[in-house]
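Subject: Structure for you to look through

Dear colleague,

I am handing over a structure that I would like you to look through at your own pace. Please open it beside this message, so that you can find each residue as you read.

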Amino acid sequence: GTIGDYIAMAALARLSPDARTDAVDTILNLFGQDGPNAGAPPQLTEWDAAYLQAVYSAHVNGRSRGIAEDDIAFRMRQALTTPIAGSDEATTGQTTP
């Protein structure tokens, strides 16, 4: 459920408690400084999945923080712009309206 997704993302994301996530579609926006956020997504989002995949597949050992962050950002851009296999966009090259 929603709370389970939030807890999983919060535990796995390795984000600073001060991280600003309000500009992205993420389950981490479920709770804000003023309490629950009714406009937050009710489950893990595509952004959440891309972030976790990028963090855990990035080559960060022995690299500077900036290079590691660049690698994570690159992997997220790839994940968020690559059509999912079997989707209309992947098979036809067009998005469904």
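What follows is an account of what was found, going from the whole chain to single residues.

Please keep in mind from the start that this is a predicted model, and that the values below were computed from it.

**The chain as a whole**

The chain has four helices and two strands, and if you follow it from the N terminus the elements come in the order α-β-β-α-α-α. There are 97 residues, of which 24% count as buried. The accessible surface of the chain is about 6900 Å², and carbon and sulfur atoms account for 53% of that area. When contacts between residues at least 6 apart in sequence are considered, 37% of them join residues that are at least 24 apart.

**The nonpolar core**

Which residues make up the largest nonpolar core? This core has twelve residues, namely Met9, Ala13, Ile27, Leu28, Trp47, Tyr51, Leu52, Ala54, Val55, Ala58, Ile72 and Met76. Helix α1, helix α2 (46-57) and helix α3 (65-81) each supply at least two of these residues, and the largest share, five residues, comes from α2. To see how one core residue is placed, you could select Ala54, which, leaving aside its neighbours within four places in sequence, is in contact with Ile72, Arg75 and Met76.

**Two aromatic pairs**

The structure holds two aromatic pairs. In one of them, the ring centres of Tyr6 and Phe31 are 5.0 Å apart and the ring planes stand at 80°, so this pair is edge-to-face. The pair links distant parts of the chain, with Tyr6 in helix α1 and Phe31 in strand β1 (residues 31-32), 25 residues apart. Phe31 is partly exposed, with a relative accessible area of 37%.

The aromatic pair of Trp47 and Tyr51 is stacked, with 5.4 Å from centre to centre and 5° between the planes. Trp47 and Tyr51 are separated by about one helical turn, because they are four residues apart in helix α2. Trp47 counts as buried at 18% relative accessibility, and Tyr51 is likewise buried, with a relative accessible area of 11%.

**A patch on the surface**

Phe31 also takes part in a nonpolar surface patch of about 280 Å², which is made by Ile3, Ile7 and Phe31. Of these residues, Ile3 is found in helix α1 (residues 2-13), and with 46% relative accessibility Ile3 counts as partly exposed.

**Two salt bridges**

The count of salt bridges comes to two, and it is worth looking at the surroundings of each. Are the partners Arg20 and Asp22 buried or exposed? Arg20 forms a salt bridge with Asp22, in which the closest N and O atoms are 2.7 Å apart. Arg20 is exposed, with a relative accessible area of 70%, and Asp22 is exposed too, with a relative accessible area of 53%.

The side chains of Asp71 and Arg75 also meet in a salt bridge, at 3.2 Å from N to O. Both residues lie in helix α3, four residues apart, which is about one turn of the helix. Asp71 is buried, with a relative accessible area of 13%, whereas Arg75 is partly exposed, with a relative accessible area of 22%.

**Helix α3 and Leu80**

Helix α3 is also the place of Leu80, a residue that is partly exposed, with a relative accessible area of 35%. Leaving aside its neighbours within four places in sequence, Leu80 is in contact with Glu46, Trp47 and Ala50. The C-alpha atoms of Leu80 and Ala50 are separated by 6.6 Å, although the two residues are 30 apart along the chain.

**A backbone angle to check**

Please look last at Arg14, in the loop between α1 and β1. Phi of Arg14 is near 60°, which is a positive value in a residue other than glycine. Most residues other than glycine have a negative phi. Arg14 counts as exposed, at 61% relative accessibility.

With best wishes

Key
Residues are numbered from 1 along each chain as its sequence is written. Side-chain values use heavy atoms; hydrogens and water are left out. Buried means under 20% relative accessible area, exposed over 50%, partly exposed in between (1.4 Å probe, protein chains only). Contact means heavy atoms within 4.5 Å. Accessible areas come from the Shrake-Rupley method with a 1.4 Å probe; for residues, only the protein chains shown count as cover. Patches are made of residues with over 30% relative accessible area and no salt bridge: like charges are joined within 9 Å, nonpolar side chains (Val, Leu, Ile, Met, Phe, Trp, Tyr) within 5 Å. A salt bridge is a side-chain nitrogen of Lys or Arg within 4 Å of a carboxyl oxygen of Asp or Glu. A nonpolar core is a set of buried Ala, Val, Leu, Ile, Met, Phe, Trp, Tyr and Cys residues joined through side-chain atoms within 4.5 Å. Rings of Phe, Tyr and Trp (its six-membered ring) pair if their centres lie within 6.5 Å; planes under 30 degrees apart count as stacked, over 60 as edge-to-face and the rest as tilted.
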